[in-house]
Amino acid sequence: MKETLERIRQEALSALEGTQAIQELETLRVKYLGKKGELTAVLKQMGKLSAEERPVVGQLANEVRATLERAIDTASQNLEKAALEARLKAEAVDVTIPGKAAVLGRRHPMYTALSEIEHIFVGMGFTVLDGPEIELATYNFDKLNAEEGHPSRDWSDTFYFDQDSRVMLRSQTSPMQVRAMESMSLPIRIIAPGRVYRKDEVDATHSPMFHQVEGMVIDKDVTMADLKGTLNLLAEQLFGKGTVTRFRPHHFPFTEPSCEMDVQCHKCGGVGCPTCKGEGWIELLGAGMIHPNVLRMAGIDPEEYSGWAFGMGLERTAMRRFKIADLRLIFENDVRFLEQF
Ligand code: DAH
């Protein structure tokens, strides 16, 4: 019996040495140590032994079992370790390979111009407002003193949603003046950039959708001098020190007096060239002192408060700021154009 036990030990250990997979270990464990295994079969024969032999063989059998269990454990750990190493090797990442650079886009020149404008006005204590592009005609026209029959209300100029011309795509950012007057407490200093819509054909200077920046100040004792001072500062900060401006009389229903501000052409210095269409000046914005009717309709007493407002075309400003010749370039989003800024 002792010989059988020794043989089992030898056989099992040499079989273990050759194992390549965890499943093989399990098969060996069952073969030698399992309920129907060889070692168990030997133990079952113990009854046949004499009283002296029994403890000796019993001890040897326990030794063999312990040896085999340890050997199987060790083999199993080794196999697992080898498997892990093989996997790590297979999945290894070469961190020294140069990475792929992410292609970062650029800011659109018009939005660069807008953030410059916002920065200038925020620096002077203005708040930046956002408002609806789908607007009520009441806000776009009535409360801005443009009565029924005003040419800008015509169906040929404006995108209406309904037959009775009450809901529309705003044709200007000026309704934000009224929305600010109705929702904010005085004094008010705001700018309101955003999209506006008009029934225009696309060409080098027109688009049915474009952007404006509206501005407004309402306080006690506000005068035309404040308007000129602020807008001259805007021109100098946007286009550089020494930028020459001029104010021409004009008409808008919501301001009285009204004016337009021109900037001297940066190309020819006022002599006249193709960029300024021979004028020497480029029109930048409309402005004026807020009409007393507009203040009154918003519940502000024009005897106590006065204000000024302006509206500027953002594309036009960006075109001057970055010397862009054709409005269409701003909307086409051709990367060859956009990459230049
Ligand atoms: N809303 C005018 C336009 O679209 C521009 C404008 C002119 C805005 C005078 C104003 C203003 O606030 O005071 O042509």
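Helices H1 (residues 2-17) and H4 (residues 53-90) of this predicted model pack at an angle of about 5°, with their axes 10 Å apart. They are therefore roughly parallel to each other, a label for angles under 35 degrees. Axes here are lines fitted to C-alpha atoms over the stretch in contact, with angles running from 0 to 180 degrees between N-to-C directions, and helices are DSSP runs of H or I with at least four residues, strands E runs of at least two, numbered from the N terminus.

Follow the contact (heavy atoms within 4.5 Å) and you will find Leu-5, Ile-8 and Leu-16 among the H1 residues that meet H4, whose side includes Val-57, Leu-60 and Ala-71. By class, this contact has 14 nonpolar, one polar and four charged residues.

Next, look at the loop between helix H3 (38-44) and H4, where Met-46 lies. Met-46 is buried, with a relative accessible area of 15%; buried means under 20%, using a 1.4 Å probe and protein chains only. Beyond its sequence neighbours up to four places away, Met-46 touches Met-1, Arg-54, Val-57 and Gly-58. Gly-58 is twelve residues from Met-46 in sequence and 7.8 Å away in space, C-alpha to C-alpha.

Now for the largest nonpolar core, which has 35 residues. Ile-117, Leu-234, Leu-285 and Met-312 are among those with the most contacts inside it. Elements giving two or more residues to this core include helix H5 (109-123), helix H8 (224-239) and strand E9 (306-313). Met-312 touches, among others, Ile-117, Leu-234 and Leu-285.

Residues are numbered from 1 along each chain as its sequence is written. Local features need pLDDT of at least 70, side-chain atom pairs count only at pLDDT 80 or more, totals for chains, interfaces and linings use all residues, and side-chain values use heavy atoms, leaving out hydrogens and water.

How values were computed. Angles under 35 degrees count as roughly parallel, over 145 as roughly antiparallel, 65 to 115 as roughly perpendicular and the rest as oblique. Ala, Val, Leu, Ile, Met, Phe, Trp, Tyr, Cys and Pro count as nonpolar, Asp, Glu, Lys and Arg as charged, and the others, Gly among them, as polar. A nonpolar core is a set of buried Ala, Val, Leu, Ile, Met, Phe, Trp, Tyr and Cys residues joined through side-chain atoms within 4.5 Å. Buried means under 20% relative accessible area, exposed over 50%, partly exposed in between (1.4 Å probe, protein chains only).
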